[in-house]
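Please open the structure in a viewer and keep the selection panel at hand. The stops below go from one interface to the next, and each says what to select.

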4 protein chains.
Amino acid sequence: MSSSKHSPIFSHSIKVRYAETDQMGIVHHSVYPIYLEEARTELWNSLGYNYSLMEKEGYIVPVLEISIRYMKPAFYEDILSINIMSLRFESKLVFRYDYEIRRGEELLSTAYTKHVFLNREFKPIKPPRKIVDMVRKLVGT
Amino acid sequence: MSSSKHSPIFSHSIKVRYAETDQMGIVHHSVYPIYLEEARTELWNSLGYNYSLMEKEGYIVPVLEISIRYMKPAFYEDILSINIMSLRFESKLVFRYDYEIRRGEELLSTAYTKHVFLNREFKPIKPPRKIVDMVRKLVGT
Amino acid sequence: MSSSKHSPIFSHSIKVRYAETDQMGIVHHSVYPIYLEEARTELWNSLGYNYSLMEKEGYIVPVLEISIRYMKPAFYEDILSINIMSLRFESKLVFRYDYEIRRGEELLSTAYTKHVFLNREFKPIKPPRKIVDMVRKLVGT
Amino acid sequence: MSSSKHSPIFSHSIKVRYAETDQMGIVHHSVYPIYLEEARTELWNSLGYNYSLMEKEGYIVPVLEISIRYMKPAFYEDILSINIMSLRFESKLVFRYDYEIRRGEELLSTAYTKHVFLNREFKPIKPPRKIVDMVRKLVGT
């Protein structure tokens, strides 16, 4: 029942690159934001949209906040699932993704990011209607 | 008076590299963890210690948690102050740094990281006595 | 006929990440070595071998030399083919890969890398027999 | 006498970051292009010019070619000298930098990069007069 809240709304698989390791022998913690970003790109692609297009239309969507918990290390050649667990508007302007990173069933990391739509002058603007609609459709509300 | 709480315990200056920008024309958010880490390295160096030595002595000190708020963007060739605002043990095993990133007086970002000492088998261990002493000395307690 | 020399011995597909772009709006040139390395990893995987295993067996295989020509830029979300065009021993110790990077048919970049097998003390050693055999098999000699 | 050819025209010092190491325990080879780029930035700054300004004036100056030889590894916390040994126009459009990377006196790496001035449409253009003058002044011809 309540397990439904543990199903990702989107899952993207990546394989750890050698260059992403550090001398501790694990994936450097600064690489995780890049994995999360790649998952967001793929989510938009899966919806028939892409971020390049968004930028061409005059929107930029920077990260406002990032928070990552590193529970277990990831290693070179690991296949990781970058799971987007939820996506929602926190306010009219700010939206938030929640993530899990897993190797098989093993939970390595949890994270969230917050974002805002800006125009080319870096001023916050309301998200474009079609994005709001896509998000609603995606999360089924 | 209360401004004393805003004085960093350590400040490290970096200059933004071209490679650290993205096509939005700003420093990519995944670079900030690297800036914070460089400030930690320099803090230890300023105390006559270094992290390389720590690893040789059998300790590794990974990041357990990172949280960053991005308030204003940073740009290529910006000179940024990576300010460590506090360093304290949250528990016997976990310690936490708080940071500010500024361009001149302008606050761009706030952040914190949490860390734990591990042995070579990735098991949590009590931090070495001399580190605890150094931290105490640093924060004046 | 002579076109056979233009067929890659191995091809690996990657998709450009946002973090890999710079403020020029193109993939930063320092990312190409990482793409080449990922293609080498995948080549070994396709042969049922992997580089992690090699390191566990006591070999490290650093890059001795890299040379890259950037003919046309690559962009965010591009799908690129990282083609390994040849792999051969230049001497008993040094081996060389040649590469092409293409977006569809369009040639963006050519490159080569040279490598050597080292033991854990960073001393050059003869490549392990099974690697030599794999390379021979791969290139059909 | 002949040693004059070994004097850099510009030298920039960097300190290796933890994130720049890989699981081999050395600086990952993809980081060297970033060090070279930082030295170029600092060279221009030392001449009272900067690359940001160049981009604002409508020029972009991408890397056409890079070649790096890795002779000895660099390690975390190493202080490295990124020495620009020469800078010259190879043709009306293409100019080339030669580099050495040293730790103290110890030579770790040699490299060169080639560049071209492009306009915003990525078309090659003649370098701006003041740049040509700066280069001439710098190399004393």
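## Stop 1: chains A and B

Select chain A and chain B, which bury about 2,200 Å² between them, with 61% of that area on carbon and sulfur atoms. Keep in mind throughout that this is a predicted model. The contact draws 25 residues from chain A and 25 residues from chain B. On the side of chain A, colour Met24(A), His29(A) and Tyr70(A): these lose the most area to chain B, together 25% of what that side buries.

How many salt bridges are there between chain A and chain B? The count is 0. Polar contacts are present, with 8 residue pairs between chain A and chain B, both residues at pLDDT 80 or more.

Next, colour chain A by secondary structure. Two or more residues on the side that touches chain B come from each of α1 (32-46), α2 (51-56) and β2 (63-70) of chain A. Which element of chain A gives the most to that side? It is β2(A), with 8 residues. By class, the residues on this side of chain A divide into 15 nonpolar, 5 polar and 5 charged.

## Stop 2: the paired strands

Select residues 63-70 in chain A and in chain B. Strand β2(A) is joined to strand β2 of chain B by 5 bridges, and the two strands run antiparallel. For one pair to label, take Glu65(A), whose bridge partner in β2(B) is Arg69(B).

Now superpose the two chains. A turn of 180 degrees with a shift of 0.0 Å along the axis lays chain A on chain B with an RMSD of 0.0 Å. The two copies are therefore related as by a two-fold rotation axis. Where does chain A come closest to the rotation axis? Centre the view on Ser67(A), whose C-alpha is 2.1 Å from the axis. Of the interface residues of chain A, 100% are also interface residues in chain B, so the copies meet through the same surface.

## Stop 3: chains C and A

Hide chain B and show chain C with chain A. Here 18 residues of chain C are in contact with 18 residues of chain A. The two chains bury about 1,800 Å² between them, 38% of it on carbon and sulfur atoms. Select Arg17(C), Tyr18(C) and Glu77(C), which supply 35% of the area that chain C buries against chain A, more than any other three residues.

Side chains of opposite charge can pair when their charged atoms come close. Across the interface of chain C and chain A there are 6 salt bridges. One of them to display is between Glu42(C) and Lys15(A), with the closest N and O atoms 2.9 Å apart. The same interface of chain C and chain A has 18 residue pairs in polar contact, both residues at pLDDT 80 or more.

Which elements of chain C give two or more residues to the side that touches chain A? They are α1 (32-46) and α2 (51-56) of chain C. The largest share, 7 residues, comes from α1(C). This side of chain C has 6 nonpolar, 4 polar and 8 charged residues.

Superpose again, this time chain C on chain A. The turn is 180 degrees, the shift along the axis is 0.0 Å and the RMSD is 0.0 Å. Label Ile14(C), since its C-alpha is the one in chain C nearest the axis, 5.4 Å from it. The same surface serves both copies, as 100% of the contact residues of chain C recur in chain A.

## Stop 4: a salt bridge within chain A

Show all chains, then return to chain A. The structure holds 56 salt bridges over all chains. Select Glu106(A) and Lys72(A), whose side chains meet in a salt bridge with an N to O distance of 3.3 Å. Glu106(A) lies in strand β5 (residues 106-116) of chain A, and Lys72(A) in the loop between β2 and β3 (79-89) of chain A, so the pair ties together parts that are 34 residues apart in sequence.

Definitions and conventions:
Residues numbered from 1 in each chain as written. Chains lettered and ligands numbered in written order. Predicted model: local features only at pLDDT ≥ 70, side-chain atom pairs only at ≥ 80, totals over all residues. Heavy atoms only, no water. Contact = heavy atoms within 4.5 Å. Buried area = accessible area lost by both parts, 1.4 Å probe. Salt bridge = Lys/Arg side-chain N within 4 Å of Asp/Glu carboxyl O. Polar contact = N/O pair within 3.5 Å; in protein donor to acceptor, adjacent residues only side chain to side chain. Helix = DSSP H or I, 4+ residues; strand = E, 2+ residues; numbered from the N terminus. Nonpolar A, V, L, I, M, F, W, Y, C, P; charged D, E, K, R; others polar. Pairing = 2+ DSSP bridges. Least-squares fit on C-alpha atoms with pLDDT ≥ 70 in both.
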